[in-house]
Amino acid sequence: MSELSQNILHRQRLQQLFPAVISVVGLVIASLVWQYRLRFPFDDVFITFRYADHLAAGCGLVWNIGGLHTEGYTNFLFVLLLAVARFFTSDLLASAQVMGLLSTIVTARVVYGIGSKVRSSATGVLASALYLFTPLSWINALSGMETSVFVMFTLIAIYCAVRN
């Protein structure tokens, strides 16, 4: 095998390894920031929790049980996700924060994929590193709000568009 072939093979192996490394780095950061989780929840998230609680209890999307069906939430999908989480735990704040942390890690991998497709593997690594090491990414993840989940789904859509 020629030296050029070996270099190409080595580069391909590295490119296959990057998404796993990004995931591990994300998990390490997430485990480090988890201890600060109670410092960042936004008060608006508790509105979402109330709707999710009532939906999981079978009362529908209502603010007050037995009250009118009102749309006092701005994040229908997130309410549904939290209503499902409510069947497994009563701690919706922790559930929302775990969803945020996992979404942030998935987003970093998707950012790598977009950068790699649009430019190069090095661009993907740089873009995902910048995203992972931006404190606001983790503050949003721990806020309990739907921001991280929304960003993840948006970037997955962009990845699907640039992949083809």
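Tutor: Let's start with a word we'll need all the way through: a residue is buried when its relative accessible area is under 20%, exposed when over 50%, and partly exposed in between. Keep in mind that this is a predicted model.

Student: Okay, what percentage of the 164 residues of the chain count as buried?

Tutor: Here 38% of them count as buried.

Student: And the overall fold? How many helices and strands does the chain have?

Tutor: There are 7 helices and 0 strands, so the pattern along the sequence reads α-α-α-α-α-α-α. The radius of gyration is 19 Å, well over the 15 Å that the globule rule gives for 164 residues, so the chain is more spread out than a compact globule. You can see that in the C-alpha trace, which spans about 75 × 35 × 25 Å along its principal axes.

Student: What share of the contacts with a separation of 6 or more comes from residues 24 or more positions apart?

Tutor: That share is 67%. Ala141 is a good place to see it for yourself. Ala141 sits in helix 6, residues 135–142, and its C-alpha is 4.1 Å from that of Gly100, although the two are 41 residues apart along the chain.

Student: Is Ala141 buried or exposed?

Tutor: Ala141 is buried, because its relative accessible area is 0%. Leaving out neighbours within four places in sequence, Ala141 is in contact with Ala96, Gln97, Gly100, Leu101, Thr104 and Ser148.

Student: Now helix 4. How should I read a polar residue such as Ser103, which lies there?

Tutor: Check accessibility, then look for a partner. Helix 4 covers residues 92–118, and Ser103 is buried because its relative accessible area is just 5%. The side chain of Ser103 reaches the backbone oxygen of Met99 at 2.7 Å. Beyond four places in sequence, Ser103 touches Ser148, Val149 and Met152.

Student: What does Val110, also in helix 4, touch?

Tutor: Setting aside residues up to four places away, Val110 touches Leu155, Ile156 and Tyr159. Val110 counts as buried because its relative accessibility is 12%. From Val110 to Cys160 you go 50 residues in sequence, but 9.8 Å in space, C-alpha to C-alpha.

Student: You've mentioned a cysteine. How many disulfides are there in the whole structure?

Tutor: A disulfide is a covalent bond between the sulfur atoms of two cysteines. A search of the whole structure finds 0 of them. As for individual cysteines, Cys59 counts as partly exposed because its relative accessibility is 27%, and Cys160 is partly exposed too, with a relative accessible area of 34%.

Student: Let's do aromatics. How do I read a ring pair?

Tutor: You describe a pair of aromatic rings by the distance of the centres and the angle of the planes. This structure holds 5 aromatic pairs. In one of them, Phe18 and Tyr112 meet edge-to-face, with 5.9 Å centre to centre and 65° between the planes. That pair links distant parts of the chain: Phe18 is in helix 1 (residues 3–33) and Tyr112 in helix 4, 94 residues apart.

Student: Why does Tyr112 count as buried, and why is Phe18 partly exposed?

Tutor: Tyr112 counts as buried because its relative accessibility is 7%. Phe18 is partly exposed because its relative accessible area is 25%.

Student: Which residues do ring pairs link into a cluster?

Tutor: The cluster takes in Tyr51, Trp63, Tyr73 and Phe76. Look at Trp63 again: the charged end of Arg50 sits over its ring, 4.1 Å from the centre.

Student: What does His54, in helix 2, contact?

Tutor: Apart from neighbours within four places in sequence, His54 is in contact with Cys59, Gly60, Val62, Trp63, Asn64 and Ile65. His54 counts as buried because its relative accessibility is 11%.

Student: One last residue: where is Trp34 found?

Tutor: Trp34 is in the loop between helix 1 and helix 2. Trp34 counts as partly exposed because its relative accessibility is 30%. Outside its four-place neighbourhood in sequence, Trp34 touches Ala94, Gln97, Val98, Leu101 and Leu142. The C-alpha atoms of Trp34 and Ala94 are 9.8 Å from each other, with their positions 60 residues apart along the chain.

How values were computed: Residues numbered from 1 in each chain as written. Predicted model: local features only at pLDDT ≥ 70, side-chain atom pairs only at ≥ 80, totals over all residues. Heavy atoms only, no water. Helix = DSSP H or I, 4+ residues; strand = E, 2+ residues; numbered from the N terminus. Buried < 20%, exposed > 50% of the residue type's maximum accessible area, 1.4 Å probe, protein only. Polar contact = N/O pair within 3.5 Å; in protein donor to acceptor, adjacent residues only side chain to side chain. Contact = heavy atoms within 4.5 Å. Phe/Tyr/Trp six-rings, centres within 6.5 Å; stacked < 30°, edge-to-face > 60°. Lys NZ or Arg CZ within 6 Å of the ring centre and 35° of its normal. Disulfide = S-S within 2.5 Å. Rg over C-alpha atoms; globule rule 2.2 N^0.38 Å.
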